[in-house]
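Subject: Structure handover

Dear colleague,

I am handing over the structure we spoke about, and I would be glad if you could open it beside this message. My notes on what was found follow after it.

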Amino acid sequence: MNAMSLLNFKQKAIYLFLALFILVVDQLTKNWAVSSLVYSEPSGFLPFFNFTLLYNYGAAFSFLDDAGGWQRWFFGVVAFFVSLLLLVWIVRLERNKKVELFGLAFILGGAIGNLYDRVLLGYVVDFIDWFYPASQSCLPFFYARLDLQTCHWPAFNIADASILLGVTLLLFDTFFKKDEKQDSK
């Protein structure tokens, strides 16, 4: 590594530490959920918000959850290469692109958090459960718990929330930030 690369890497350390912090918080909260919650039994926290321990063997929204096991390794390999791509992107990106760097760091921390679960456990631990009362049909993407007369967003975790926040930052940076060329005129 030459001196310029080392300097660039040091300047990006805050973003890499942010990704590491997200990974640690994600794993600590998942460990808490596994040790404190009973699988699939909601534990009330706030109105419209429970902690419910669930295992996701698939991807987002439990896509391919029941595919027979191959998806564990497929999604693991994809997440590994995406994480490497994000790491290289962060290191090579100009340091003045702070919103983009923060977005990438949030995505990287979340991706590694879920990758860790998928490789070591074979599934991703989810436990954050948002819901609303309903006696009939649910909104799109929500699923019904008829026994509780509620509609639930698919359970998620800190890593998922971090990825969503990172993607939101990237979209904001792409669509709402003024073009740097226009600023210089």
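**Salt bridges**

K30 forms a salt bridge with D117, and their closest N and O atoms are 2.9 Å apart. Please keep in mind while reading that this is a predicted model. Because K30 belongs to helix 2 and D117 to helix 4, this pair ties together parts of the chain that are 87 residues apart in sequence. The structure holds 2 salt bridges, and in the other K30 is paired with D26, with the closest N and O atoms 2.8 Å apart. D26 and K30 both lie in helix 2 (residues 13-36), and since they are 4 residues apart there, about one helical turn separates them. D26, K30 and D117 are thus linked in a network of salt bridges.

Are the members of this network buried or exposed? D26 and K30 are both buried, and for K30 the relative accessibility is 2%. D117 has a relative accessible area of 1%, which is under the 20% cut-off, and so D117 also counts as buried.

**The sheet and helix 4**

When you turn to the strands, you will find an open sheet of 5 strands, whose order is 1-2-3-5-4 and whose pairing is antiparallel. Strand 1 (43-46) and strand 4 stand at the edges of this sheet, and because each has a single partner strand, one side of each is left without a neighbour in the sheet. On average, and with direction ignored, neighbouring strands of the sheet are turned by 40° against each other.

Strand 1 is paired with strand 2 (residues 49-56) in the antiparallel sense, over 3 bridges, and if you would like to look at one position, the bridge partner of G44 is N50 in strand 2. Helix 4 (residues 98-121), which carries the D117 mentioned above, lies across strand 2 and strand 3, and runs at about 120° to strand 3.

**D129 in strand 3**

D129 has its place in strand 3 (residues 124-133), and with a relative accessible area of 3% D129 is buried, because the cut-off for that word is under 20%. Which side chain does the side chain of D129 meet in a polar contact? The partner is the side chain of H152, at 2.7 Å. If neighbours within four places in sequence are left aside, the residues in contact with D129 are F48, F49, N50, T52, H152 and W153, and N50 in this list is the residue that was named above as the bridge partner of G44.

**The disulfide**

The structure holds 1 disulfide, and a disulfide is a covalent bond between the sulfur atoms of two cysteines. Here C138 is joined to C151, with an S to S distance of 1.9 Å. The two cysteines are 13 residues apart and the pair links distant parts of the chain, with C138 in the loop between strand 3 and strand 4 (143-145) and C151 in strand 5 (residues 150-152). The link of C138 and C151 is left-handed, with -85° about the S-S bond.

The two ends of this link are worth viewing one after the other. C138 has a relative accessible area of 22%, which is not under 20%, and so C138 is described as partly exposed, whereas C151 counts as buried because its relative accessibility is 0%.

With kind regards

How values were computed
Residues numbered from 1 in each chain as written. Predicted model: local features only at pLDDT ≥ 70, side-chain atom pairs only at ≥ 80, totals over all residues. Heavy atoms only, no water. Buried < 20%, exposed > 50% of the residue type's maximum accessible area, 1.4 Å probe, protein only. Polar contact = N/O pair within 3.5 Å; in protein donor to acceptor, adjacent residues only side chain to side chain. Contact = heavy atoms within 4.5 Å. Disulfide = S-S within 2.5 Å. Pairing = 2+ DSSP bridges. Axes fitted to C-alpha atoms, helices over the stretch in contact; angles between N-to-C directions. Salt bridge = Lys/Arg side-chain N within 4 Å of Asp/Glu carboxyl O.
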